Amino acid sequence: MLALLLGLAFVASPVATAQAGEAGPSFPKAQGSCVDDPATMRRHHFDFLTHQRDDTLRAGIRGAKYSLKECVTCHASTAANGKPVPVNAPGQFCQSCHAYAAVTIDCFSCHATTPQTAEAKP
Ligand code: HEC
Ligand code: HEC
Ligand code: HEC
């Protein structure tokens, strides 16, 4: 219940807090544009991901819009040494927000956390 309340309070104004550098999470910005508008993604990305996973695993549908691999391709940042930084590392895109909202995800025990080549993990 606490996690839910934190999540909701946070979803109401994440950009303002992130930009003001106040209590909210801060994380590296991606390039280009997201697969949906950022406000929609903030509120619904987990539903989109779960839905697409079910489509893939149950119906064999691939290459659709909300691919976890593509999230990582855009949202992983690059360290000064040129190496990609895992999206679930402290301060990184997926992790910083989830830490703030007290959310834990198990996706990255299977899915790659850095941009991958075609033959690597899903
Ligand atoms: C083609 C690149 C690209 C892809 C693919 C992509 N994004 Fe994004 N995303 C962006 C950009 C650019 C922004 C806006 C700037 C920022 O917040 O990084 C953004 C914003 C977001 C935000 C809002 C962040 C905030 O500022 O509050 C969320 C959440 C998000 N994306 C999740 C995802 C998820 C989940 C996926 C995979 C289903 C995904 N994105 C795929 C580029 C991408
Ligand atoms: C702008 C903040 C933010 C960013 C960035 C973000 N998330 Fe989330 N995510 C949340 C919040 C808040 C929840 C909890 C929503 C709820 O339960 O109501 C959540 C929940 C989830 C869940 C469901 C967890 C569960 O068990 O219910 C998944 C899966 C998820 N996020 C994947 C991702 C991935 C993958 C990325 C990086 C590509 C990402 N998220 C980036 C805020 C964010
Ligand atoms: C036990 C390993 C495992 C875990 C844990 C797991 N996945 Fe997957 N996921 C897979 C496999 C295997 C596929 C199938 C890849 C394929 O056949 O293309 C898949 C496919 C997907 C797809 C469809 C392919 C794509 O990227 O469009 C999405 C989306 C997805 N998973 C999201 C998630 C999310 C979100 C979580 C965490 C809530 C998660 N997965 C946790 C193994 C896993």
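Colleague: In what order do the elements of the protein run from the N terminus on?
Modeller: This is a predicted model. The protein has five helices and zero strands. Read from the N terminus, its elements therefore follow the order α-α-α-α-α.

Colleague: What percentage of the residues of the protein count as buried?
Modeller: A residue counts as buried when its relative accessible area is under 20%. The protein has 122 residues, and the share of them that meets this criterion is 25%.

Colleague: How much area does the protein expose?
Modeller: Carbon and sulfur atoms supply 60% of the exposed area. The total to which that share refers is about 8,200 Å².

Colleague: Which residues come nearest to ligand 2?
Modeller: The surroundings of ligand 2 comprise 16 residues. By class, 13 of these are nonpolar, two are polar and one is charged. Those that come nearest are His-45, Phe-46, Cys-94, Cys-97 and His-98.

Colleague: Which helix gives the largest share of the shell around ligand 2?
Modeller: Helix 3 (38-59), helix 4 (68-75) and helix 5 (93-101) are the elements that each give two or more residues to this shell. The largest share amounts to five residues, and its source is helix 5.

Colleague: How far is a nitrogen atom of ligand 2 from an N or O atom in the side chain of His-98?
Modeller: A polar contact requires N or O atoms within 3.5 Å. For the side chain of His-45, the distance to a nitrogen atom of ligand 2 is 2.8 Å. For the side chain of His-98, the corresponding distance from a nitrogen atom of the ligand is 2.7 Å.

Note on methods: Residues numbered from 1 in each chain as written. Chains lettered and ligands numbered in written order. Predicted model: local features only at pLDDT ≥ 70, side-chain atom pairs only at ≥ 80, totals over all residues. Heavy atoms only, no water. Near = heavy atom within 4 Å. Polar contact = N/O pair within 3.5 Å; in protein donor to acceptor, adjacent residues only side chain to side chain. Helix = DSSP H or I, 4+ residues; strand = E, 2+ residues; numbered from the N terminus. Nonpolar A, V, L, I, M, F, W, Y, C, P; charged D, E, K, R; others polar. Buried < 20%, exposed > 50% of the residue type's maximum accessible area, 1.4 Å probe, protein only. Areas by Shrake-Rupley, 256 points an atom, 1.4 Å probe, with all protein chains shown as cover.
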